[in-house]
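The following exercises are to be worked with the sequence and the model at hand. Each task is followed by a solution in steps.

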Amino acid sequence: MRFDWSRLGRTPPTALAHARDLAHHAAQWPTRAARANLGAAPDDSHSAFVWDASHAALVSKLLPAKGGEVRVGIRLARLELIVTRGDNVLDAFQFDGKTDAVAGAWLDSKLRALSLKPAGDGALPYALPDHPARGGRYELRLLGRELGELSRWFAGPAEVLEDFSAKLAGLRPEPVLCWPHHFDIATLVRLGSGSGESARSVGVGFSPGDEYYAQPYVYISPSPRFAGGKLPELPPPGHWHTEGFFGAVATGEDILAMKERGRELLGFITAAFDIGRAKLGA
């Protein structure tokens, strides 16, 4: 079933920051489980998530559990950890009123029962900002609308990114993954066979918001950055972001103003990608 874009916008995109920050911290438990139980990939993709529309969750790659492979994920609308096997949820843990220590102990017990290593063994190679909740306790009773909206913001753009990736199958785009460090969903399209700073590529993704934008946004980020001169004109409603990272951006408010959100968002991403690809000479 396709995502219903008319359901998006019930809560202003600028009102999601606290829910986003809580979800970002909670999502570190599934990635810890993956780090503890999967061999390390050179690009760290073993620790990344995919969007599972059937569970409305970000889920890990398959873990080699007793009785059959499982995934560990975070269901955003309820902010709960889930352990899944196929279409079935084997168990779930709601964060509301709990701390990370309690969540970790619960998850470790479930992983051990499946003959998997505990998530506590999966150290993170990066630092996160301080926990957004007072005392590290997740208090969610007043965040139901925001968490539901956050989940929809992941669901819609994830679907569009998959559609975009499918259109470019001949260019072999990398899988659409959610990276737990920055909490963005993205694919990377490599252009040519260069390496290092000379490698040409375009990253295309969605962020639920960060230090650059206090709302969700999509980005199309060509690399290397265009040299000198006037930047190419983007199709509306995009603009060029040049501080901290370089790329074409459409904010959540821009997306909500689109009449046919899914179709127009895909069109904007495709057009901005084509501009970046042409400017890079690929």
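A residue is called buried when its relative accessible area is under 20%, exposed when it is over 50%, and partly exposed in between. The model is a predicted one.

**Exercise 1. Classify E80 as buried or exposed, and describe its surroundings.**

Step 1. Apply the cut-off: E80 has a relative accessibility of 3%, so this residue counts as buried.

Step 2. Place the residue in the fold: E80 belongs to strand β4, which comprises residues 80–85.

Step 3. List the neighbours. Leaving aside residues up to four places away in sequence, E80 touches G73, I74, R75, A92, F93, Q94 and F95.

Step 4. Examine the charged group. The side chain of E80 makes a polar contact of 2.7 Å with the side chain of R75. In addition, the side chains of E80 and R78 form a salt bridge, with N to O at 3.5 Å.

**Exercise 2. Determine how many salt bridges the whole structure holds, and classify the partners in two of them.**

Step 1. The search of the whole structure gives eleven salt bridges.

Step 2. Take R20 and D21, whose side chains meet at 3.2 Å, N to O. R20 has a relative accessible area of 10% and is therefore buried. D21, at 28%, is partly exposed.

Step 3. Take E139 and R141, whose closest N and O atoms are 3.4 Å apart in their salt bridge. E139 is partly exposed at 38%, whereas R141 is exposed at 65%.

Step 4. Look for shared partners: R2, E159 and D163 are joined into one network by salt bridges.

**Exercise 3. State how many residues of helix α1 are buried, and which elements they pack against.**

Step 1. Helix α1 spans residues 17–26, and seven of its ten residues are buried, so that the helix is mostly covered.

Step 2. The buried residues are A19, R20, L22, A23, H24, H25 and A26.

Step 3. These residues pack against α2 (28–37), β3 (71–75), β4 and α4 (144–167).

**Exercise 4. Identify the residues that touch the most other members of the largest nonpolar core.**

Step 1. The largest nonpolar core has 74 residues, and L58, L79, F95, L107 and F154 touch the most other members. Helix α4 gives the most to this core, with nine residues.

Step 2. Inspect L107. Residues up to four places away in sequence being left out, L107 touches W29, A33, V72, L81, V83 and A119.

Step 3. Note the second, separate core: six residues make it up, including A186, Y217, Y219 and F245.

**Exercise 5. Trace the six-stranded sheet, and explain why one side of β6 and of β10 has no neighbour in the sheet.**

Step 1. Write down the order of this open sheet: β6-β7-β8-β9-β11-β10, with antiparallel pairing.

Step 2. Find the edges. Because β6 (177–179) and β10 (239–241) each have a single partner strand, one side of each is left without a neighbour in the sheet. Neighbouring strands are turned by 30° against each other on average, direction ignored.

Step 3. Examine one edge pair. β10 and β11 (residues 247–251) pair in the antiparallel sense over three bridges, and W240 stands opposite A248 in β11.

Step 4. Add the helices. α4 packs on the sheet and touches β6, β7 (184–191) and β8 (200–207); the directions of α4 and β8 make about 155°. Helix α6 (residues 261–279) lies across β7, β8, β9 (217–223), β10 and β11, and runs at about 15° to β9.

Key
Residues are numbered from 1 along each chain as its sequence is written. This is a predicted model: local features need pLDDT of at least 70, side-chain atom pairs count only at pLDDT 80 or more; totals for chains, interfaces and linings use all residues. Side-chain values use heavy atoms; hydrogens and water are left out. A salt bridge is a side-chain nitrogen of Lys or Arg within 4 Å of a carboxyl oxygen of Asp or Glu. Buried means under 20% relative accessible area, exposed over 50%, partly exposed in between (1.4 Å probe, protein chains only). Helices (H or I, at least four residues) and strands (E, at least two) are DSSP runs, numbered from the N terminus. A polar contact is a pair of N or O atoms within 3.5 Å; within protein, one must be able to donate a hydrogen and the other to accept it, and residues adjacent in sequence count only if both atoms are side-chain atoms. Contact means heavy atoms within 4.5 Å. A nonpolar core is a set of buried Ala, Val, Leu, Ile, Met, Phe, Trp, Tyr and Cys residues joined through side-chain atoms within 4.5 Å. Two strands pair if DSSP finds at least two bridges between them. Axes are lines fitted to C-alpha atoms, for helices over the stretch in contact, and angles run from 0 to 180 degrees between N-to-C directions.
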